[in-house]
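Reader: I should like to learn how the features of a protein model are read. May I put my questions one at a time?

Author: Please do; the general idea will come first, and then the case at hand.

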Amino acid sequence: MVTSPTALIIGCGIAGPVLAILLKRRGYAPIVFEKVGVLGDAGASLLIQPNGMKVLGLLGIAESLEQDFQPLRGFWHGTPDGRTLASSTLAEEFKTRYGFSAVGTRRSELNLRLKNLLLDQGIGVREGWELLRIEEHADSVTARFTNGQSATGSFLVGCDGIKAASRGEILRNHHDGEEGPPMFTGLTQTAGISPTPSNLHDRGRQMSNWYGAGIHVIAYPVSKTHTSWAVTLPDANEQPETWRLSGAEDLAARRGELQAHLAGFEPAVQQLVTDAERLIKYGLFDREELTAEQWHSRRCVLVGDAAHPTSPHIGQGANQALEDCYHLSHLLPDLQLSSTTDAKTHQLGDGDLVEIFRTFAQRRQPRTSTLVKEARRQGEQRVVVGGRTKCRERDARITAAWKDSDTLMENFDRLLREPF
């Protein structure tokens with residue numbers, strides 16, 4: 001009896017479930033492994049932009065996200081006290097131009113929808129399985145986990161995010177040693193989700209940005225009643241790279257710390273902080289960029305932040321991971337196309353996989369590298385600006401950049417027309 005090749009997928013965040021579903025449709029037998037014991041209410045939010053929504057559309061859930069949440073209608077950029085530097089309604093054109101809107105959603109809600117979709121389609125999910133080691137063989141790969149369990153498949157895909165264990169294993173085993181430690185950028189973000197203040201309701205469904213001296217605040221709707229927001233600040237003390245929620249004991253302290261930094265900001269911003277029931281504070285780190293060859297080994301390949309970790313300043317982390325899922329799934333042979341499939345068709349040799357993985361990495365690495373650098377540049381321009389003169393220069397650049405709607409749309413096209 002011919003069996004479908006087993007794909008071991010490490011990580012059940014966004015990319016892992018999406019890739020598993022796309023691979024099952026092409027005749028593979030994916031299993032998803034997640035180190036967290038039970039996926040729960042962690043993290044803040046995601047802005048799924050049209051390029052990412054296209055991939056979710058293949059799964060049949062993009063339309064429901066547009067209906068259930070709050071598609072963006074525009075962008076607003078301003079000073080801390082609420083004076084407008086620039087605004088645009090170009091986001092209203094995304095649906096017509098790209099097929100989907102940009103939609104903000106709580107990360108935990110999207111995680112749960114994707115996990116339920118896996119279970120509905122009979123795809124195995126192993127929670128509490130943290131990757132320990134990868135062993136590659138002539139015709140298979142074995143993943144060993146900290147719980148003492150192991151699993152063997154035809155190939156393995158690391159979708160385990162910015163601190164990926166799969167990335168470390170591939171680099172150690174196949175690319176000359178350990179990766180260096182991540183480098184703290186000197187910036188932290190504190191994020192929360194709060195009831196939407198009335199004057200933000202009045203502005204409509206916009207992404208709002210406030211630019212101060214050494215501080216940046218961003219906010220966008222994630223439901224009809226709530227707004228996700230984040231404050232980015234320089235911090236001399238290295239903060240852990242964690243997305244855990246603040247406990248009750250430090251919630252008040254962090255709220256007070258933020259409110260001190262936000263003195264002089266318009267009331268809506270201060271109200272977001274005051275009304276937040278939970279806060280997440282984390283450091284922003286840079287990692288050494290991988291070459292395309294470092295994205296893969298003979299039977300393993302990295303996807304999303306495991307391959308190209310990025311700072312959040314242009315909101316493309318999850319969206320680029322979704323693009324990765326599309327391209328990788330379409331480069332692997334579609335085993336469903338042949339009605340007379342034999343055992344040889346179902347066997348993927350090292351040479352086949354290496355060529356597929358190499359093509360995938362060479363196709364994707366230049367684009368993701370450019371966006372990682374742009375995210376870093378945006379962060380520096382938004383936050384690492386102090387002094388009245390430099391702030392005025394930054395504000396003038398923002399105003400000028402958003403005046404030319406044709407150039408703006410060309411930039412959106414380069415970003416959002418992908419991956420098909």
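Reader: Is R363 buried, partly exposed or exposed, and what is its relative accessible area?

Author: A word first on the source: this is a predicted model. To class a residue, one reads its relative accessible area: under 20% is buried, over 50% is exposed, and partly exposed lies in between. R363 has a relative accessible area of 44%, so it counts as partly exposed.

Reader: Where does R363 lie, and which residues does it touch, leaving out those up to four places away in sequence?

Author: One looks for the element that holds the residue, and then for its contacts. R363 belongs to helix α11, residues 350–383. Leaving out residues up to four places away in sequence, R363 touches H327 and L331. One may also set a separation in sequence beside a distance in space: R363 and D324 are 39 residues apart in sequence, while their C-alpha atoms are 9.7 Å apart.

Reader: How many salt bridges does a search of the whole structure find?

Author: A salt bridge pairs a side-chain nitrogen of Lys or Arg with a carboxyl oxygen of Asp or Glu, within 4 Å. The search of the whole structure finds 22 salt bridges. Among them is the pair of D235 and K281, with 3.7 Å between the closest N and O atoms. D235 sits in the loop between β16 (226–234) and α8 (248–261), and K281 in strand β17 (residues 280–286), so this pair ties together parts that are 46 residues apart in sequence. Both D235 and K281 are buried.

Reader: Which residues are joined into one network by salt bridges that share partners?

Author: Before the network, consider a further pair. R394 and D395 meet through their side chains in a salt bridge of 3.2 Å, N to O, and both residues are buried. As for the network, salt bridges with shared partners join E323, D324, R364 and R367.

Reader: What is the accessibility of E109, and with which residue does E109 form a salt bridge?

Author: Here the pairing and the accessibility are read together. E109 forms a salt bridge with R106, the closest N and O atoms being 3.4 Å apart. With 31% relative accessibility, E109 counts as partly exposed.

Reader: How should G177 be read, and which residues does G177 touch?

Author: The steps used for R363 serve again. G177 is found in the loop between α6 (165–174) and β13 (183–195). The relative accessible area of G177 is 26%, which means that G177 is partly exposed. Its contacts, not counting residues up to four places away in sequence, are with L171 and R172.

Reader: Which residues does a cis peptide bond join?

Author: Most peptide bonds are trans. In this model a cis peptide bond joins E418 and P419, with omega at about 0°. P419 lies in the segment after α13 (405–416).

Reader: Why does the radius of gyration of the protein chain agree with that of a compact globule?

Author: One compares the value for the chain with the value expected from its length. A compact globule of 420 residues would have a radius of gyration near 22 Å, and the protein chain has 22 Å, so the two agree. The C-alpha trace spans about 70 × 45 × 35 Å along its principal axes. The protein chain contains 13 helices and 18 strands, and 55% of its 420 residues count as buried. Of the contacts with a separation of 6 or more, 77% are between residues 24 or more positions apart.

Methods
Residues are numbered from 1 along each chain as its sequence is written. This is a predicted model: local features need pLDDT of at least 70, side-chain atom pairs count only at pLDDT 80 or more; totals for chains, interfaces and linings use all residues. Side-chain values use heavy atoms; hydrogens and water are left out. Buried means under 20% relative accessible area, exposed over 50%, partly exposed in between (1.4 Å probe, protein chains only). Helices (H or I, at least four residues) and strands (E, at least two) are DSSP runs, numbered from the N terminus. The radius of gyration is taken over C-alpha atoms; the globule rule is 2.2 Å times the number of residues to the power 0.38. Contact means heavy atoms within 4.5 Å.
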